[in-house]
Amino acid sequence: MLNIVSILIGLVALVLGIVPFLPFLAWGYWFVIPIAVVGAVIGMLSSKNGGRNLNLVLILIFGLRLALGGGFI
């Protein structure tokens, strides 16, 4: 059950992460990455790895995009 919740949170983070992918909107990842972190934590509590892996990949992709845009201080 927790794996399904983690996957749903990951899908919400993915949908919300599409808009900041546009130029000049990468600051939006500061709001999307914490959602994926919550999904990864819930996925870690599950006995399966699918939801956790989805959220970890999203954190990696969104973090790289944020770094490329100079969003890390």
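This report describes the fold of one chain, its helix packing and two of its residues.

## The chain as a whole

The model is predicted. The chain holds three helices and zero strands. Read along the sequence, the pattern is α-α-α.

The C-alpha trace spans about 40 × 20 × 15 Å along its principal axes. The radius of gyration is 12 Å. A compact globule of 73 residues would have a value near 11 Å, so the chain agrees with that expectation.

Of the 73 residues, 36% are buried. The chain exposes about 4700 Å², and carbon and sulfur atoms supply 82% of that area. Contacts reach far along the sequence. Among those between residues at least 6 apart, 64% join residues at least 24 apart.

## How the helices pack

Two packed helices are described by the angle between their axes and the distance between the axes. The table gives both values for each pair.

| Helix pair | Angle between axes | Distance between axes |
|---|---|---|
| H1 and H3 | about 25 degrees | 7 Å |
| H2 and H3 | roughly 155 degrees | within 8 Å |
| H1 and H2 | about 165 degrees | 8 Å |

**H1 and H3.** Helix H1 covers residues 2-16, and helix H3 covers residues 50-68. Their axes meet at about 25 degrees. Angles under 35 degrees count as roughly parallel, so H1 and H3 are roughly parallel to each other. H1 passes H3 in a left-handed crossing. On the H1 side, the contact includes Asn3, Ser6, Ile7 and Ile9. Gly10, Leu11, Ala13 and Leu14 of H1 also take part. They meet a set of H3 residues that includes Gly50, Gly51, Arg52 and Leu54. Asn55, Leu58 and Phe62 of H3 belong to that set too.

**H2 and H3.** Helix H2 covers residues 29-45. The axes of H2 and H3 cross at roughly 155 degrees. Angles over 145 degrees count as roughly antiparallel, so H2 and H3 are roughly antiparallel to each other. The crossing of H2 past H3 is left-handed. Among the H2 residues in this contact are Tyr29, Trp30, Val32, Ile33 and Met44. H3 contributes residues including Leu56, Ile59, Gly63, Arg65 and Leu66. Arg52, Asn55, Leu58 and Phe62 of H3 take part in this contact, and these four also meet H1.

**H1 and H2.** These helices pack at about 165 degrees. That makes H1 roughly antiparallel to H2. Their crossing is left-handed. From H1, the contact is made by Leu2, Val5, Ser6, Ile9, Ala13 and Leu16. From H2, it is made by Val32, Ile35, Ala36, Gly39, Ile42, Gly43 and Leu45.

## Two residues up close

**Ile35.** This residue is found in helix H2. Ile35 is partly exposed, with a relative accessible area of 27%. Partly exposed residues lie between the 20% and 50% limits, which is why Ile35 falls in that class. Not counting residues up to four places away in sequence, Ile35 touches Ile9, Ala13 and Leu16. Those three residues are part of the H1 side of the contact with H2. Ile35 and Ile9 are 26 residues apart in sequence. Their C-alpha atoms are 7.2 Å apart in space.

**Pro23.** This residue is found in the loop between H1 and H2. Its relative accessibility is 57%. Exposed means over 50%, so Pro23 counts as exposed. Pro23 and Gly69 are 46 residues apart along the chain, and 8.7 Å separates their C-alpha atoms.

Conventions: Residues are numbered from 1 along each chain as its sequence is written. This is a predicted model: local features need pLDDT of at least 70, side-chain atom pairs count only at pLDDT 80 or more; totals for chains, interfaces and linings use all residues. Side-chain values use heavy atoms; hydrogens and water are left out. Helices (H or I, at least four residues) and strands (E, at least two) are DSSP runs, numbered from the N terminus. Buried means under 20% relative accessible area, exposed over 50%, partly exposed in between (1.4 Å probe, protein chains only). Contact means heavy atoms within 4.5 Å. The radius of gyration is taken over C-alpha atoms; the globule rule is 2.2 Å times the number of residues to the power 0.38. Accessible areas come from the Shrake-Rupley method with a 1.4 Å probe; for residues, only the protein chains shown count as cover. Axes are lines fitted to C-alpha atoms, for helices over the stretch in contact, and angles run from 0 to 180 degrees between N-to-C directions. Angles under 35 degrees count as roughly parallel, over 145 as roughly antiparallel, 65 to 115 as roughly perpendicular and the rest as oblique. A crossing is left-handed if the near helix is turned anticlockwise from the far one by less than a right angle, and right-handed if clockwise.
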